[in-house]
Amino acid sequence: MVLHTTINGQAVVADVDPSISLAMFLREKLFLTGTKIGCGKGECGACTVIMDGKAVTSCIIPVMRADGANIITIEGVAKTPTQLHPIQEEFIQQGAIQCGFCTPGMIMSAKALLDKNNDPTVAEVREALGGNLCRCTGYVNIEKAVFAAAERMRKGE
Ligand code: FES
Ligand code: FES
């Protein structure tokens, strides 16, 4: 089937096998391998992307659900090729990354939240990141990074 979608601001038209997931399409066809596949069952959040403004687990989204959609992946988050987004910078600054496998999904979930609400409560941050599992960091520094990024985004960064 022919898929028409927008990924990181670029129109994409592709002939796709409709049985594959959006995550597989991103990784295998477009080589956007920043989107990770962990569980493949919608349970770990490693594959999170933003689709039409909402964080979704792309491993359980059939690729044709992306038809007509606007998708942002981790590759589309940086402000410019040489300037990271404040969320990315704060994950680095606050030590919120260890092995890094969960990080793209965490950042996409955080971005989906902060794009709509840049002054979230602890409960709102925990709710937004609740579907993203991290085996390494213990989550404390991840929360710190989200709040530090929120503060910067409130200042217009
Ligand atoms: S890989 Fe998609 S939720 Fe785990
Ligand atoms: S940094 Fe290793 S899983 Fe989160």
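## A buried glutamate in H2

Glu90 is a buried residue, its relative accessible area being 9%. In this predicted model, buried stands for a relative accessible area under 20%, so the 9% of Glu90 falls on the buried side of that cut-off. The residue belongs to helix H2, which covers residues 86-93.

Setting aside residues up to four places away in sequence, Glu90 touches Ala145, Ala148, Ala149 and Arg152. Helix H5 runs over 140-154.

## Overall fold and dimensions

The protein contains five helices and five strands. Their order along the sequence is β-β-α-β-β-β-α-α-α-α.

For 157 residues, a compact globule would be expected to have a radius of gyration near 15 Å, and the protein agrees because its own value is 15 Å. The C-alpha trace extends over about 45 × 30 × 25 Å along the principal axes. Of the contacts with a separation of 6 or more, 58% are between residues 24 or more positions apart.

## Surface and charge

Buried residues make up 45% of the 157 in the protein. The exposed area comes to about 7900 Å², and 52% of it is supplied by carbon and sulfur atoms.

The side chains include 15 positive and 16 negative ones. The centres of these two sets are 3 Å apart.

## Strand S1 and its partners

Strand S1 spans residues 2-7, and its side chains alternate between two faces. Leu3, Thr5 and Ile7 point to one face and are buried. Val2, His4 and Thr6 point to the other face and are not buried.

S1 has an antiparallel pairing with strand S2, residues 10-15, over six bridges. Within this pairing, Val2 is opposite Asp15 of S2. The two strands form a hairpin with two residues between them, and Asn8 in the turn has a positive phi of about 50°. S1 also pairs with strand S5, residues 70-72, here in the parallel sense and over two bridges. The bridge partner of Ile7 in S5 is Ile71. Ile7 is thus a buried residue of S1 with a bridge to S5.

## The hairpin of S3 and S4

Strands S3 and S4 run antiparallel and are joined by four bridges. Ile50 is placed opposite Ala55 of S4. Two residues lie between the strands of this hairpin, in which Asp52 takes a positive phi near 50°. Asp52 is in the loop between S3 (48-51) and S4 (54-57).

## Positive phi values

Most residues other than glycine have a negative phi. Asp52 departs from this sign: its phi is positive, about 50°, although the residue is not a glycine. Asn8, in the turn between S1 and S2, likewise has a positive phi of about 50°.

Tyr139 is another residue other than glycine with a positive phi, in this case near 75°. The loop that holds Tyr139 lies between helix H4 (122-128) and helix H5 (140-154). Tyr139 counts as partly exposed because its relative accessibility is 34%, a value between the 20% limit for buried and the 50% limit for exposed.

## Two buried threonines in loops

Thr73 is located in the loop between S5 and H2. It counts as buried, with a relative accessibility of 0%. Apart from neighbours within four places in sequence, the contacts of Thr73 are Ile7, Asn8, Leu26, Leu32, Thr35, Val49 and Met108. This list includes Ile7 and Asn8, of which Ile7 is in S1 and Asn8 is in the turn of the S1 and S2 hairpin. From Thr73 to Ala96 the sequence separation is 23 residues, and the C-alpha to C-alpha distance is 19 Å.

Thr35 is in the loop between helix H1 (22-29) and S3. Its relative accessible area of 2% makes Thr35 buried. With neighbours within four places in sequence left aside, Thr35 is in contact with Leu26, Arg27, Ala46, Cys47, Val49, Ser58, Thr73, Ile74 and Glu75. Leu26 and Val49 are among the contacts of Thr35, and they are also among those of Thr73.

Technical notes
Residues are numbered from 1 along each chain as its sequence is written. Chains are lettered from A and ligands numbered from 1 in the order in which they are written. This is a predicted model: local features need pLDDT of at least 70, side-chain atom pairs count only at pLDDT 80 or more; totals for chains, interfaces and linings use all residues. Side-chain values use heavy atoms; hydrogens and water are left out. Buried means under 20% relative accessible area, exposed over 50%, partly exposed in between (1.4 Å probe, protein chains only). Two strands pair if DSSP finds at least two bridges between them. The radius of gyration is taken over C-alpha atoms; the globule rule is 2.2 Å times the number of residues to the power 0.38. Contact means heavy atoms within 4.5 Å. Accessible areas come from the Shrake-Rupley method with a 1.4 Å probe; for residues, only the protein chains shown count as cover. Lys and Arg count as positive and Asp and Glu as negative; His and the chain ends are not counted. The place of a charge is taken as NZ of Lys, CZ of Arg, CG of Asp or CD of Glu.
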